[in-house]
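Here are my notes on the model, as numbered points. Please read them with the structure open.

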Amino acid sequence: MCGIIGYIGNKEAQSILLSSLGRLEYRGYDSCGIAVASSSIKVYKDAVRVEPLAKAMPQLSGTIGIGHTRWATHGKPSQANAHPHCDCQDKIAVVHNGIISNFHLLKQKLISEGHNFTSETDTEVIPHLIEKYYDGDLEKAVETALHQVKGSYAIIVLAADETKLIVAKKDSPLIIGIGDRENFIASDVPAILDYTNRVIYLEDGDIGVVTSDEIRIKKEGREVDRKEHKILWSVEDAQKAGYEHFMLKEIHEQPKVIRDTLGEYAQATEPNVDLERIRDAGIESILILACGTSYHAALIGKYIVEELLRIPVRVEIASELNYYGQIPAGTLAIAITQSGETADILRAMKRLKGVGGRVLAIINVVGSSASRIADQTIYTRAGPEISVAATKSFIAQLMVLYWLMMSYSKVDARRLASMLLGLREMPGKVQQVLDNEDKILECARYLSAYENVFFIGRGINFPVALEGALKLKEISYIHAEGYAAGELKHGPFALLGPDAPVIAIVTQDNTYEAMLANIKEIKARGSPLIALAKEEDGTIEELADSVITVPKVDAIFSPVVNTIALQLLAYYTAKERGCPIDFPRNLAKSVTVE
Ligand code: M6R
């Protein structure tokens, strides 16, 4: 959940570390710090964001350094708990992302051996263990220390007397960026895109020695070759491009994201995803697993599969699947994850693989951990998503699900042809939603004064109600709940009234009449009602207090336009309330803890 960065080269490390940390803040932002070495190690850290830290920091001279931006797990955000952490003599500094599950025992033992600890973190045992084993061979000391450690880690180790950095990874992401007489280490690509687009993805169990002109990687004592990848994202892709927030930029990128994601598969006149490694295994049912927003894409996926493939689908929250649930033979599991690093998903995927399951992954980040576990990966082409709130990655996931399921569809040729046309028109339809910002802004201003909001939908738009509520609560801190419209009367009606607005997603399909009936019931209980409805609906205008119109699309694609309208509604509501939209409190982009 934290972001880590390392630099070794011929330039001053401090400014490179700070600018890269700024790009990693989406991974955690309750505290941060850097350490720079030139014969001694100087550490500067605090429980603040990167910008104030950089402003307050003295000049730390040196061309080797490490940095960290934190999402607290062990110990509250404080200067003492911020990384880097050091050994007793401040000769070894470590930044870490992950969780050391046996840190308590290790800490007790190290204390009994005379080590002094200054933080409540699990991480601090690492520099002390390295100190214990260090006799001039840093790589060996790190390796021995890591043998004692249980849990997950991506670490960078800096030592006062060494002109190298040691890196190691297990169950947390770590990449090495290759430069010209300089090298970079980071949790994620955006951190180093300003300097290089040549990247190596480390694998679990890898320990590397990085100098300014050499990278050596070992696994289980043997040297290994890790392939170099060229990153196709530009620096601009990972920047705000004039938008006030990443989230708004990412919402506005969605017509392009749809084109890029479909463009990957849709040059052909027929849907054509080839499940090359999974296809012939005889798929009798599908299990889709995911977390958060990706879980809502999975729920929509269920409707798509059942309409197009007519085979049973089960959708599971990945963290739940880790503790119960049998996987019948003949089941294809589809794991959906933007980051490919979500701990709950990785664990569920490993469990499925462990019982002989076949796993197809839908991922946005190339080379991420999930792609290495899956039997086959289909990449969404959303580009880097920086804002903690998932927007464009969700729409890209839907595009892959539509295209994948259309590839194996059992519907007749006419229906398929009309769906193909519908998909091709989608970027234009989405643009129409984006052009309707004024009306959405007006509704957002209205909504921003409330503390409780309900979202309701039916059928394929029930998950959209869940996603609308998640987006609103996540960035505006308004308590919001998504409900199947028919469920409100089974309990939540007790909460309706003038203080509890309802957002109703009304689609022109077989749920339409039932939705109108629900809206009347809600109005009779005094709740303000905002409807999301197709342009020229005609009826809704008389029932709702306000209507956000969305363009007419085939009902199966209605989650796309509806969700994007709700993303904008959440964004402008949060903006109206003055919230830190891209970095909501207590959250992080990539949730690498269970
Ligand atoms: O990277 P993933 O898709 O696996 O992430 C899953 C969730 O953590 C993520 O969607 C989260 O719910 C978002 N912040 C919601 O906007």
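1. Helix H1 (residues 13-24) lies across four strands, namely S1 (3-8), S2, S4 (64-70) and S10 (183-186), and runs at about 155 degrees to S1. Helices (H or I, at least four residues) and strands (E, at least two) are DSSP runs numbered from the N terminus. Axes are lines fitted to C-alpha atoms, for helices over the stretch in contact, and angles run from 0 to 180 degrees between N-to-C directions. Contact means heavy atoms within 4.5 Å.

2. This is a predicted model, in which local features need pLDDT of at least 70 and side-chain atom pairs count only at pLDDT 80 or more, while totals for chains, interfaces and linings use all residues. Residues are numbered from 1 along each chain as its sequence is written, and side-chain values use heavy atoms, with hydrogens and water left out.

3. An open antiparallel sheet of 8 strands has the order S3-S2-S4-S1-S10-S9-S11-S15; strands pair if DSSP finds at least two bridges between them. Strands S3 (40-46) and S15 (228-230) are at the edges with a single partner strand each, so one side of each has no neighbour in the sheet. The twist averages 20 degrees from one strand to the next.

4. Strand S2 (residues 31-38) is joined to S3 by 7 bridges, and the two run antiparallel. Ala35 stands opposite Val43 in S3.

5. The largest nonpolar core (buried Ala, Val, Leu, Ile, Met, Phe, Trp, Tyr and Cys residues joined through side-chain atoms within 4.5 Å; buried means under 20% relative accessible area, exposed over 50%, partly exposed in between, with a 1.4 Å probe and protein chains only) has 83 residues. Ile334, Tyr402, Met405 and Val560 have the most contacts inside it. Domain 2 (243-424) and domain 3 (432-582) both give residues to this core, so it lies between them; the bounds come from an automatic or database domain assignment.
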